[in-house]
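Biologist: Please take one part of this model and go through it closely, with its surroundings. I would like to know what it packs against and how it is tied to the rest of the chain.

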Amino acid sequence: MTAEVRDEDPVSALLDASDRAAALIVGSRGQGLSGVILGSVSLTVAARVHCPVVGVRGGAPAATGER
């Protein structure tokens, strides 16, 4: 796994990275209707990417075991 900080728009950076990636993992901020499944960047990337894409959404906080 690698991480990069790039000075370009997210869609361009992710599409460029997809040329040499085994897979891209993208998340969702869950804002607005498009955030119900994925964010707008994730949706755009998923439609044009050159490798498999995994979309990850945040869920409910883990249970602490307290009652």
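Modeller: Two residues are in contact when heavy atoms of theirs lie within 4.5 Å of each other. The model is predicted, and what follows was computed from it. The part I have picked is helix α1, residues 10-18.

First, the setting. The protein has 2 helices and 2 strands, which follow one another along the sequence as α-β-α-β. Of its 67 residues, 22% are buried. Of the contacts between residues with a separation of 6 or more, 60% join residues 24 or more positions apart.

At the start of α1, a side-chain oxygen of Asp 9 comes within 3.3 Å of the backbone nitrogen of Val 11. Val 11 is also one of the buried residues of the helix, along with Ala 13, Leu 15, Ala 17 and Ser 18. The cover over these buried residues includes β1 and α2, the latter being residues 40-48.

Nonpolar side chains tend to be buried together in soluble globular proteins. Here the largest nonpolar core has 7 residues: Val 11, Leu 15, Ala 17, Leu 24, Val 45, Val 49 and Cys 51. Helix α1 supplies the largest share of this core, 3 residues. Leu 24, another core member, begins strand β1, residues 24-27.

Ser 18 is the buried residue of α1 to look at next. Its relative accessibility is 1%, under the 20% cut-off, so Ser 18 counts as buried. Beyond its sequence neighbours within four places, Ser 18 is in contact with Leu 24, Val 49, His 50 and Cys 51. With His 50 there is also a polar contact: a polar atom of the Ser 18 side chain lies 3.2 Å from the backbone nitrogen of His 50.

Cys 51 shows the same contact from the other side. With neighbours within four places left aside, Cys 51 touches Ser 18, Ala 21, Ala 22, Ala 23 and Leu 24. Leu 24 is therefore a contact of both Ser 18 and Cys 51, and both Leu 24 and Cys 51 belong to the core.

Leu 24 also leads to strand β2, residues 53-56, where Val 53 lies. Val 53 and Leu 24 are 29 residues apart in sequence, yet their C-alpha atoms are 4.9 Å apart. Past its neighbours up to four places away, Val 53 touches Leu 24, Val 26 and Ala 46. Val 53 has 28% relative accessibility, between the 20% and 50% cut-offs, so Val 53 counts as partly exposed.

Val 54, also in β2, has a relative accessible area of 38% and is likewise partly exposed. Together with Ile 25 and Val 56, Val 54 makes a nonpolar surface patch of about 250 Å². For the protein overall, the exposed area is about 5300 Å², with carbon and sulfur atoms supplying 55%.

That leaves the charged residues. Side chains of opposite charge can pair when their charged atoms come close. The model has 5 salt bridges. In one of them, Arg 6 pairs with Glu 4, N to O, at 3.4 Å. Arg 6 is partly exposed, at 29% relative accessible area, while Glu 4 is exposed, at 51%.

Glu 4 has a second partner in Arg 20, with an N to O distance of 3.7 Å. This pair spans the helix in sequence: Glu 4 is in the segment before α1, and Arg 20 is in the loop between α1 and β1, 16 residues away. Arg 20 is exposed, at 54% relative accessibility.

Arg 6 has a second partner as well, since a salt bridge joins Arg 6 to Glu 8, with the closest N and O atoms 3.5 Å apart. Glu 8 is partly exposed, at 39% relative accessibility. Through shared partners, Glu 4, Arg 6, Glu 8, Asp 16 and Arg 20 form one salt-bridge network.

To put the parts side by side: α1 has buried residues covered in part by β1 and α2, and gives the largest share of the nonpolar core. Ser 18 of the helix makes a polar contact with His 50. A salt bridge joins the segment before α1 to the loop that follows, by way of Glu 4 and Arg 20.

Note on methods: Residues numbered from 1 in each chain as written. Predicted model: local features only at pLDDT ≥ 70, side-chain atom pairs only at ≥ 80, totals over all residues. Heavy atoms only, no water. Helix = DSSP H or I, 4+ residues; strand = E, 2+ residues; numbered from the N terminus. Buried < 20%, exposed > 50% of the residue type's maximum accessible area, 1.4 Å probe, protein only. Patch = residues over 30% accessible without salt bridge, like charges linked within 9 Å, V, L, I, M, F, W, Y side chains within 5 Å. Areas by Shrake-Rupley, 256 points an atom, 1.4 Å probe, with all protein chains shown as cover. Salt bridge = Lys/Arg side-chain N within 4 Å of Asp/Glu carboxyl O. Core = buried A, V, L, I, M, F, W, Y, C linked by side-chain atoms within 4.5 Å. Polar contact = N/O pair within 3.5 Å; in protein donor to acceptor, adjacent residues only side chain to side chain.
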